[in-house]
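User: Please take a close look at one part of this structure, the place where its chains meet, and then follow the strands and helices around it in a connected account.

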2 protein chains.
Amino acid sequence: TTLYILRLCPAVNKSSVLGQCTPGNNLSSAPQMGWGDLGVFGHPAKETPNLDAMAAQGMLLTNFYTANPLCSPSRAALLTGRLPVRNGFYTTNGHARNAYTPQEIVGGISKDEILLPAMLKKNGYVSKIVGKWHLGHRPAYLPLENGFDEWFGAPNCHFGPYNSSITPNIPVYNNSEMLGRYYEEFPINVKTGESNLTQIFLKEGLEFIHRQTKAQQPFFLYWAPDATHTPLYASRSFLGKSQRGRYGDAVMELDYSVGQILSSLQSLGIEKNTFVFFTSDNGAALTSRTNGGSNGPFLCGKETTFEGGMREPAIAWWPGNIKEGTVSQQLANVMDLFSTCLSLAGISAPDDRVLDGLDLTPVLLNLSHSLENRPIFYYRGNEMMAVRVGQFKAHYWTWTNSMEEFKQGVNFCAGQDVPGVTTHNQTEYTLQPIIFHLGRDPGEKFPLSVLTKEYLDALRSVSAVVEYHEKTLVPGVPQLNMCDQAVMNWAPAGCEKLGKCLDAPKSKPWKCSWPH
Amino acid sequence: TTLYILRLCPAVNKSSVLGQCTPGNNLSSAPQMGWGDLGVFGHPAKETPNLDAMAAQGMLLTNFYTANPLCSPSRAALLTGRLPVRNGFYTTNGHARNAYTPQEIVGGISKDEILLPAMLKKNGYVSKIVGKWHLGHRPAYLPLENGFDEWFGAPNCHFGPYNSSITPNIPVYNNSEMLGRYYEEFPINVKTGESNLTQIFLKEGLEFIHRQTKAQQPFFLYWAPDATHTPLYASRSFLGKSQRGRYGDAVMELDYSVGQILSSLQSLGIEKNTFVFFTSDNGAALTSRTNGGSNGPFLCGKETTFEGGMREPAIAWWPGNIKEGTVSQQLANVMDLFSTCLSLAGISAPDDRVLDGLDLTPVLLNLSHSLENRPIFYYRGNEMMAVRVGQFKAHYWTWTNSMEEFKQGVNFCAGQDVPGVTTHNQTEYTLQPIIFHLGRDPGEKFPLSVLTKEYLDALRSVSAVVEYHEKTLVPGVPQLNMCDQAVMNWAPAGCEKLGKCLDAPKSKPWKCSWPH
């Protein structure tokens with residue numbers, strides 16, 4: 001879950017409004033919030049009153065996608081406006097594998113990339129990230145080296161607790177220095193699920209908003225909590241409150257926090273020049289009952305290139321500008337938030353690179369019902385698994401998780417089985433893709449018959465898009481190939497002051513193993 | 001889909017308001033509208049603006065159930081307030097079989113049952129049904145013999161067209177006499193899907209509302225169109241308009257019609273003493289792409305006792321009385337509409353029989369957050385397949401459809417497969433039921449481990465409910481056992497005037513075959 005808040009320049013004219021752009025969210029190897037987790041997207045528990053109200057006051061986007069079904073690449077795409085295969089957030093260690101930034105990752109966001117906060121700086125924006133970063137934890141890759149002015153949060157997921165002689169616990173930073181570590185100064189009780197981290201993240205976000213508002217400063221807040229990521233946690237006052245178990249408790253606390261942030265913007269009187277966007281990094285993981293997320297009517301979940309893995313909840317909010325209670329069917333993408341925020345901030349997009357994002361402003365402001373018929377690409381690593389053009393989605397490769405894992409009871413599509421589609425071997429359909437009509441069949445259950453005119457027409461239009469895409473694609477240098485125990489968070493900046501430096505082992509790099 | 005409209009007595013005091021009670025809907029052997037078909041329940045196409053607005057102005061019930069996953073028994077339950085196993089709308093021809101009222105059915109609603117309109121008559125209500133009846137088509141079973149004052153519609157589903165020397169087409173009645181037949185005077189173009197029937201049903205409903213309002217007459221309108229039932233149809237102006245194909249076109253026309261009805265109540269100024277309820281007969285059929293309905297996050301569909309077969313979309317609307325934009329988690333049931341309408345009309349419920357419905361008024365009027373922790377029973381025929389108590393649902397028997405059908409490509413749970421749960425043989429778990437926690441796992445994917453305390457506690461509370469239910473249950477005489485070609489709609493009342501009487505074959509009754 002991420003709230004993406006762009007406070008527009010106070011010296012505003014209509015074409016250069018600022019607000020708050022808060023995108024992305026819990027990105028990682030465990031459950032994220034899925035499309036179907038919000039009441040407004042149909043979850044029967046209806047436990048997200050604040051997000052539902054946000055949608056009622058703003059615009060719901062029902063065809064909004066991530067750029068990758070896993071956290072790190074999704075967030076890299078959001079902040080660069082570019083597909084992971086371009087910005088380097090992918091691996092070539094195996095065919096069609098998702099990769100992210102665990103502690104042992106050597107790489108991170110490339111210096112050749114320009115991130116949204118660095119662009120926003122050109123027009124005087126101050127930017128803060130609160131929560132999980134996930135674009136690399138070695139010093140050069142951290143937020144303050146990449147355009148953010150402030151940071152409160154962690155470079156990696158909150159996995160743990162670890163035995164610190166083998167693996168360091170993940171550090172929590174305040175700007176460029178660590179404040180402590182998860183499970184040490186920042187406790188998470190894995191047994192009870194209690195942690196006040198979301199409340200801390202909320203406080204940090206609100207403090208930033210208040211301070212920048214008082215200074216009449218345009219700002220960008222990227223609020224990226226990760227309570228819905230395993231190990232799930234919630235504050236004491238939310239634990240046990242949901243019908244949905246601990247996952248639901250975490251969702252309720254995030255929902256509460258979004259409500260607090262929005263009402264804060266309103267009580268500060270800046271809601272009319274603050275653009276807020278809510279989305280998630282990737283679909284909910286469906287592997288087990290305890291992970292608990294819902295992708296609504298869609299197929300499979302996190303890690304997969306089916307709709308459940310990549311279609312995301314999405315709400316745009318900007319009172320007085322975005323018409324309340326509207327719904328857009330525009331095919332859109334986290335990468336669009338890059339272009340959209342630049343447009344709102346009156347900053348020209350970089351012209352020295354290919355951008356995959358579109359400026360959604362005309363759709364948001366209801367000046368246009370839909371932008372060009374843009375495709376959605378579904379990648380694993382550098383393999384384009386599927387592509388959506390209009391209502392048609394063509395799968396060139398299918399895969400859920402490996403047969404070995406499946407036999408051990410791990411199933412990325414628990415309870416679902418579409419023959420020839422939810423395959424446990426990587427299955428190639430490049431010569432004759434499986435095509436679904438997502439309007440009639442959003443759940444990807446009934447492939448079009450290859451003998452129909454509809455199939456042939458769809459194939460023709462999709463093929464043209466794919467041909468152009470592949471002809472013009474220049475992959476970036478893959479950043480997620482190498483791992484090394486030595487690069488873990490042994491001695492983050494600031495550890496000396498706290499007496500929390502640990503000794504790193506000798507460097508022994510290896511090719512990371514990406515099983516999915 | 002059914003709109004259930006109860007116009008409360010104009011001589012109103014708070015405790016005896018009337019309105020319009022329109023329950024039930026397309027009930028039958030093909031797709032109905034499912035839980036997930038409405039935008040407000042999470043369908044990504046978001047093509048039900050009027051139903052979504054109805055929910056925004058009223059109360060959404062997320063735990064609302066039918067009494068049977070098939071049309072006829074569902075409707076019989078709604079109009080009697082009693083489970084089909086009590087009111088006789090079931091079969092004993094096979095174990096755990098759904099039955100309905102095709103043309104060859106001999107039986108119908110028992111004379112021993114009291115239907116809602118007959119009860120409402122006690123306080124001066126005039127009642128009309130518009131659309132499909134489905135409680136038996138032989139003369140004694142028709143609406144005007146069972147409490148309704150007016151009827152426009154058909155006794156059976158709109159299957160056809162038939163060769164009338166073998167099978168008569170289904171008659172369309174105006175009150176007690178036929179006006180013509182489907183595919184003859186009332187065309188449905190099976191190829192193009194064009195039919196103006198929904199518009200005719202809308203006009204009939206609106207005319208009744210206007211006429212009764214003018215006469216200051218309390219009324220009950222049961223508006224039961226069937227366009228979302230195969231063969232799907234829509235008027236020319238709706239055909240091709242949906243993203244979802246012909247099913248979506250039909251949904252859009254029903255949604256439009258509901259909007260017309262509600263705005264009509266408002267322009268007549270009677271919305272504040274008119275209670276309106278929207279629901280469906282059973283879950284959407286998931287068997288093929290062309291049927292197209294959605295049960296959102298739930299398992300399987302029509303004909304099954306999984307959530308997808310029996311949890312229904314449900315919206316209560318009564319401006320000024322039901323608080324706008326509310327959501328209720330109350331476990332509720334179509335049978336509750338019987339008791340609720342009587343309560344609203346100030347009429348005592350019959351005390352000479354067991355009623356399964358509860359009066360929902362305290363929940364609707366927000367006087368109580370939840371009524372007694374009432375169970376939901378999931379029957380096929382006279383077999384209780386499952387029961388829900390609180391968040392726990394225990395399956396005593398599982399079955400989807402037969403292995404023979406499945407091998408031929410028919411799958412009532414297309415795209416879904418939960419091992420040991422979506423079984424193709426009737427599988428008995430009476431000694432150790434499969435139990436799901438529907439809060440954490442609304443999709444019925446992860447059975448509780450039988451070794452946990454949670455399982456044992458749940459089993460104890462469910463067992464107590466089941467024991468009481470079974471001890472006190474007195475099944476009604478089964479009405480859906482016998483079939484006969486001779487009883488088909490050969491010569492409905494009024495056929496003489498139209499020259500449309502057909503010769504019936506000799507009576508050769510047989511035990512109906514119920515494969516599901």
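**The contact between the two chains**

Analyst: In this predicted model, 12 residue pairs, with both residues at pLDDT 80 or more, are in polar contact between chain B and chain A. By class, the side of chain B that touches chain A is made up of 16 nonpolar, 17 polar and 7 charged residues. Although charged residues are present on that side of chain B, the rule finds 0 salt bridges across the interface of chain B and chain A, a criterion that asks for a side-chain nitrogen of Lys or Arg within 4 Å of a carboxyl oxygen of Asp or Glu. The contact draws 40 residues from chain B and 40 residues from chain A, and the area buried between these chains is about 3,000 Å², with 55% of it given by carbon and sulfur atoms.

Turning to the strands of chain B, an open sheet of 4 strands is arranged in the order E14-E15-E16-E19, with antiparallel pairing. Strand E14 (376-380) and strand E19 (434-437) of chain B each have a single partner strand, so one side of each is left without a neighbour in the sheet. On average, and with direction ignored, neighbouring strands of this sheet are turned by 20° against each other. Within the sheet, E14(B) is joined by 5 bridges to strand E15 (residues 383-389) of chain B, the two running antiparallel, and B:Phe377 stands opposite B:Val387 in E15(B). Helix H11 (residues 453-472) of chain B lies across E14, E15, strand E16 (392-395) and E19 of chain B, and runs at about 125° to E15(B).

In chain A, an open sheet of 4 strands has the order E14-E15-E16-E19, again with antiparallel pairing. The edge strands of chain A are E14 (376-380) and E19 (434-437), each of which pairs on one side only, and the twist averages 20° from one strand to the next. Here strand E15 (residues 383-389) and strand E16 (residues 392-395) of chain A run antiparallel and are joined by 4 bridges, with A:Ala386 opposite A:His395 in E16(A). Helix H11 (residues 453-472) of chain A lies across E14, E15, E16 and E19 of chain A, at about 125° to E15(A).

Chain A also has a hairpin, formed by E7(A) and E8(A) with 2 residues between them. Strand E7 (residues 171-174) and strand E8 (residues 177-181) of chain A run antiparallel and are joined by 4 bridges; A:Asn174 stands opposite A:Glu177 in E8(A), and A:Asn175 in the turn has a positive phi of about 55°.

Note on methods: Residues are numbered from 1 along each chain as its sequence is written. Chains are lettered from A and ligands numbered from 1 in the order in which they are written. This is a predicted model: local features need pLDDT of at least 70, side-chain atom pairs count only at pLDDT 80 or more; totals for chains, interfaces and linings use all residues. Side-chain values use heavy atoms; hydrogens and water are left out. Contact means heavy atoms within 4.5 Å. Buried area is the accessible area (1.4 Å probe) that two parts lose on being put together, summed over both. A polar contact is a pair of N or O atoms within 3.5 Å; within protein, one must be able to donate a hydrogen and the other to accept it, and residues adjacent in sequence count only if both atoms are side-chain atoms. Ala, Val, Leu, Ile, Met, Phe, Trp, Tyr, Cys and Pro count as nonpolar, Asp, Glu, Lys and Arg as charged, and the others, Gly among them, as polar. Two strands pair if DSSP finds at least two bridges between them. Axes are lines fitted to C-alpha atoms, for helices over the stretch in contact, and angles run from 0 to 180 degrees between N-to-C directions.
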